[in-house]
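Subject: Structure handover

Hello,

Please find the structure below, with notes on what was found in it. The notes follow after the display.

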Amino acid sequence: MPDPREPAELVTAAADGDRTAWDELEARYGPRMWAVARASGLSPADAADAVQGSWLRLLQHLHTLRDPAKVGGWLMTTVRREAHAFLRKRHDVTPFDHDILALDAVDDPDPASAVLEADGRRLLWKQVSALHEPCRTLIQLVAIDLGNRQMAARLGMPVGSVGPTKARCLEKLRTLISSQETAQ
């Protein structure tokens, strides 16, 4: 059962040593952090280092975050910067400069709408993480709006297979979401 606390509450609890709060932050934001790192063109090992480095930076800044409610956006920005640092060191790949997975940048003045939207995103990414590969990664790449050629290169598949695979994966995701909605 996911922790019902808001991000700011989780950050405060994690800063006070609450391991379950830290675990919940990791469960909520870890999959997107991995998607950002991998979508930036990092190898699995470098992506692991970028994600781990981002968690370390959060740990170092838990007490000083300006807006703990926006910890998700902070983490996505941090992992993107970590990924770009790895890429600059390699010099063989130019990182693309999309606003990767800016799903936490909610500027809605209505708190109820913001909470509902955040909850919907959390449920969506929970369902995406339940998919098997290559669907999980493909959906994450779709979320950051990569073209079919880039997706094919990242997934190691022919460009002509991306469209049909994407359609099958989206249908699987629709089925998972529909079954989740009817179960509630």
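Contact here means heavy atoms within 4.5 Å. The model is a predicted one.

Start with Pro7, which is found in helix 1 (residues 7-15). Setting aside neighbours within four places in sequence, Pro7 is in contact with Arg28, Tyr29, Pro68, Ala69 and Val71. One of these partners, Pro68, is 61 residues from Pro7 in sequence, yet the two C-alpha atoms are 6.7 Å apart in space. Is Pro7 buried or exposed? Its relative accessibility is 13%, so Pro7 counts as buried, the cut-off for buried being under 20%.

Next, the cysteines. How many disulfides does a search of the whole structure find? The search finds one. The disulfide is formed by Cys135 and Cys169, whose sulfur atoms are 2.1 Å apart. The pair links distant parts of the chain: Cys135 belongs to helix 6 (residues 135-143) and Cys169 to helix 8 (residues 159-183), with the two positions 34 residues apart in sequence. The link of Cys135 and Cys169 is left-handed, with -75 degrees about the S-S bond.

Both ends of the link can be checked for burial in the way used for Pro7. Cys135 has a relative accessibility of 5% and therefore counts as buried. Cys169 is buried as well, with a relative accessible area of 1%.

Regards

Conventions:
Residues numbered from 1 in each chain as written. Predicted model: local features only at pLDDT ≥ 70, side-chain atom pairs only at ≥ 80, totals over all residues. Heavy atoms only, no water. Disulfide = S-S within 2.5 Å. Helix = DSSP H or I, 4+ residues; strand = E, 2+ residues; numbered from the N terminus. Buried < 20%, exposed > 50% of the residue type's maximum accessible area, 1.4 Å probe, protein only.
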